[in-house]
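Thanks for asking me to look through this one with you. Here are my notes, written as short points you can follow with the structure open beside you.

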Amino acid sequence: FFFFFFFFFTFFYLIVSLIARLKKQKNKNKNKPHTMASELTAEEKKEARELFDSIDANKDGVISLAELIKHMVDTEGEEDNTEDVKALFKVIDVDDSGAIDFEEYLSFFSKSDEQIDLDLNEATTKVLFETLDADHSGEIDKEEMKKGLRVWGQSVDEEEFDRMFKEIDANGDNVISMSEFRELLKRVSAK
């Protein structure tokens, strides 16, 4: 059980690091909070357009997941943290089209830091849940959880695993729902 929580602490550390990098890139005027893209100044919109265009490597007018990953790796000089970037991509791509257009991009950079934190936490939860939910049933069964733990290099004996799974599975239906998974992450992040 300790290893499972250790993994989640590590994962959330990576997300916090990603959020900090994004806030640094936003170059937002901290004394003037924005809530809508229409409230950005002309200079802020110009800066946002320049950054958008630099990420849009193939110049098709939208940012793909691959382009965002490449940008994050190139600008941060770090290895590809694909799961983190997928979470970020889900937050910005509000219409779930698989591409970020300039309006979505502006909307993201217009949000308060607090709203970005909330959105990224939710997107991260979804990405992690979908990673574990191998059959895309909307629930994580015991075999999917065991496989996820093995993939992440965690080994727990059968007895400890059953105890851990039972604790997470609040309603006792032998699967972990998204709401049960959210509760697990809340508990882990509170420790």
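1. Let's begin with a small detail: at the start of H7, which backbone nitrogen does a side-chain oxygen of Asp141 reach? The backbone nitrogen belongs to Glu143, and the oxygen of Asp141 comes to within 3.1 Å of it. Please keep in mind throughout that this is a predicted model.

2. Staying with H7, the helix covers residues 142-151. Its buried residues are Glu144, Met145, Lys146, Gly148 and Leu149. After the helix comes Gly153, which has a positive phi near 75°.

3. Now for the inside of the protein. In soluble globular proteins, nonpolar side chains tend to be buried together. Here the largest nonpolar core has 22 residues, and Ile63, Leu68, Ile100, Phe102, Tyr105 and Phe108 have the most contacts inside it. Two or more residues come from each of these helices: H2 (42-55), H3 (65-76), H4 (82-92), H5 (102-110) and H6 (113-132). H4 gives the most, with six residues.

4. Leu68 is a good residue to click on in this core. Setting aside residues up to four places away in sequence, Leu68 touches Ile55, Ile63, Val85, Leu88, Phe89 and Ile100. There is also a second, separate core, made of 15 residues, with Met164, Ile176, Met178 and Leu185 among them.

5. Ile55 deserves a look of its own. This residue is found in helix H2, and it counts as buried because its relative accessible area is 5%, under the 20% cut-off. Beyond its neighbours within four places in sequence, Ile55 is in contact with Ile63, Glu67, Leu68, His71 and Tyr105. For Ile55 and His71, 16 residues apart along the chain, the C-alpha atoms are separated by 5.9 Å.

6. Next, the aromatic rings. A pair of aromatic rings is described by the distance of the centres and the angle of the planes. The structure holds five aromatic pairs. One of them joins Phe52 and Phe102 edge-to-face, with 5.3 Å centre to centre and 80° between the planes. This pair links distant parts of the chain, as Phe52 is in helix H2 and Phe102 in helix H5, 50 residues apart.

7. Why is the pair of Phe52 and Tyr105 called edge-to-face? The ring centres are 5.3 Å apart and the planes meet at 65°, so the pair earns that name; the angle has to be over 60 degrees. Tyr105 is in helix H5, 53 residues from Phe52. Ring pairs thus join Phe52, Phe102 and Tyr105 into a cluster.

8. Are the residues of this cluster buried or exposed? Phe52 is buried at 0% relative accessibility, Tyr105 is buried at 3%, and Phe102 is buried at 14%. Do look for Arg49 as well: it lies over the face of Phe102, at 3.7 Å from the ring centre.

9. Finally, two loop residues to check. Most residues other than glycine have a negative phi. Lys59, in the loop between H2 and H3, has a positive phi of about 55° although it is not a glycine. Asp96, in the loop between H4 and H5, also has a positive phi, near 55°. Lys59 is exposed, with a relative accessible area of 56%, and Asp96 is exposed, with 63%.

Notes
Residues numbered from 1 in each chain as written. Predicted model: local features only at pLDDT ≥ 70, side-chain atom pairs only at ≥ 80, totals over all residues. Heavy atoms only, no water. Buried < 20%, exposed > 50% of the residue type's maximum accessible area, 1.4 Å probe, protein only. Helix = DSSP H or I, 4+ residues; strand = E, 2+ residues; numbered from the N terminus. Polar contact = N/O pair within 3.5 Å; in protein donor to acceptor, adjacent residues only side chain to side chain. Core = buried A, V, L, I, M, F, W, Y, C linked by side-chain atoms within 4.5 Å. Contact = heavy atoms within 4.5 Å. Phe/Tyr/Trp six-rings, centres within 6.5 Å; stacked < 30°, edge-to-face > 60°. Lys NZ or Arg CZ within 6 Å of the ring centre and 35° of its normal.
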